[in-house]
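Thanks, everyone. I will go through one model this morning, taking salt bridges, then cysteines, then the pocket.

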Amino acid sequence: MTATLIDGKAFAAKVRAQVAEHVATLKADHGITPGLAVVLVGEDPASQVYVRSKGKQTVEVGMNSYEHKLEADTSEADLLALIDQLNNDPAVHGILVQLPLPGHLNEDLVINSIDPAKDVDGFHISNVGLLGTGQKSMVPCTPLGCLMMLRDHHGSLSGMDAVVIGRSNIVGKPMAQLLLGDSCTVTIAHSRTKDLPDVVRRADIVVAAVGRPEMVPGDWIKPGATVIDVGINRIDAPEKGEGKTRLVGDVHFESCASVAGAITPVPGGVGPMTIACLLANTLTATCRANDLPEPQGLTA
């Protein structure tokens with residue numbers, strides 16, 4: 001391996017420490033404690049684990065954590081009523097509705113019922129529009145984490161050629177907007193892109209967010225490029241024993257690491273940054289709600 005390893009776990013710990021420091025200052029100087037409300041509908045095992053982790057880390061940085069666990073058959077009206085209550089609660093500065101929702105609930109309707117100023121996931125249509133037009137917004141956590149790591153590694157991204165593989169509303173599209181905001185030349189590639197390997201090979205920065213295990217091989221990567229692997233895929237691992245699995249990203253790590261200048265691992269790369277950026281967004285939302293200066297380096 002020749003690439004520098006971008007350690008997302010260590011970087012996320014640094015971000016959480018910065019958040020905790022700002023939270024302590026808010027409490028001491030202004031008597032304000034940021035509050036994050038997480039709403040979980042149903043009993044999806046992965047979502048339950050994720051919500052527990054969010055709650056634990058929220059408390060660790062000194063914020064108030066409010067968890068609302070609802071039955072899987074909760075009506076849309078009841079869920080919207082809870083969100084309205086949280087929108088109007090001054091102790092709640094950030095609201096996150098854990099996805100996916102049960103099939104009978106309209107995800108777009110639910111997300112767009114959150115006060116955009118408290119939408120710490122950055123999924124509300126108003127925040128999407130603000131980000132797309134270069135205005136101040138709440139920024140989706142995973143792309144924000146990727147941007148932070150890229151800025152930390154490179155300093156300025158101005159003039160760099162970036163390819164984002166994947167066009168999802170959660171990662172691909174906002175990632176492209178953030179890179180444009182930092183003056184990159186950006187291409188969004190996807191399943192219909194012609195000559196995809198050649199498109200990727202010209203990039204100084206490759207962000208893989210397509211959800212296909214080890215899709216990007218090393219011979220797609222320009223020598224010295226920076227590779228940010230957003231993918232988290234579980235595949236069979238017979239070498240570990242019958243029925244065993246392992247986590248891999250959207251790039252083939254070994255072959256890409258032998259060519260790239262820097263690369264994020266899976267696990268331990270982008271993943272830990274998502275919750276760290278959720279906490280950073282909650283802090284940012286708190287500062288904005290109280291007309292206080294935003295923390296530097298913790299938002300786009």
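Start at D152, which is partly exposed, with a relative accessibility of 46%. Before going further, please keep in mind that this is a predicted model. D152 has a salt bridge partner, K14, and the closest N and O atoms of the two are 3.6 Å apart. K14 is partly exposed as well, at a relative accessible area of 43%. In the fold, K14 belongs to helix α1, residues 8–30, and D152 to helix α6, residues 141–154, so this pair links distant parts of the chain, 138 residues apart.

Stay on helix α6, because R151 lies there too. What does R151 pair with? The partner is D182, in a salt bridge with an N to O distance of 2.9 Å. D182 sits in the loop between α7 (172–181) and β6 (185–189), so the pair ties together parts that are 31 residues apart in sequence. Are these two side chains buried or exposed? R151 counts as partly exposed at 25% relative accessibility, while D182 is buried at 18%.

The next pair is D161 with R202, a salt bridge at 3.9 Å, N to O. The cut-off is 4 Å, so this pair is counted. D161 is in strand β5, residues 161–165, and R202 is in the loop between α8 (196–201) and β7 (205–208). That is a link between distant parts of the chain, 41 residues apart. D161 is buried, with a relative accessible area of 18%, and R202 is partly exposed at 41%.

There is also a network: K136, R288 and E294 are joined by salt bridges that share partners. How many salt bridges does the model have? The count comes to 10. As general background, side chains of opposite charge can pair when their charged atoms come close.

Now the cysteines. How many disulfides are there? The count is zero. Take C256: it is in no disulfide, and the nearest cysteine sulfur, that of C146, is 15 Å away. C256 is also buried, with a relative accessible area of 0%.

Why is C277 not bonded to C141? The sulfur of C141 is the closest cysteine sulfur to that of C277, but the distance is 6.3 Å. A disulfide needs the two sulfurs within 2.5 Å, so the pair is too far apart for a bond. C277, like C256, is buried: its relative accessible area is 0%.

Last, the pocket. The largest pocket holds about 1100 Å³ of space. Its lining has 39 residues, and those nearest its centre are Y50, T142, I232, G271 and T274.

Which elements supply at least two residues each of that lining? They are α2 (45–60), β4 (94–97), α6 and α10 (271–289). Helix α10 gives the largest share, five residues. Helix α6 should be familiar by now, since R151 lies in it.

By class, the lining of the largest pocket is made up of 24 nonpolar, 10 polar and five charged residues.

To recap: 10 salt bridges, zero disulfides, and a largest pocket of about 1100 Å³. That is what I have.

Definitions and conventions. Residues numbered from 1 in each chain as written. Predicted model: local features only at pLDDT ≥ 70, side-chain atom pairs only at ≥ 80, totals over all residues. Heavy atoms only, no water. Buried < 20%, exposed > 50% of the residue type's maximum accessible area, 1.4 Å probe, protein only. Salt bridge = Lys/Arg side-chain N within 4 Å of Asp/Glu carboxyl O. Helix = DSSP H or I, 4+ residues; strand = E, 2+ residues; numbered from the N terminus. 1 Å grid on protein atoms, 1.4 Å probe; cavity = no way out; pocket = protein on both sides within 12 Å on 5 of 7 lines; lining within 4 Å. Points joined across faces, edges and corners; volume = space filled by probe spheres on them. Nonpolar A, V, L, I, M, F, W, Y, C, P; charged D, E, K, R; others polar.
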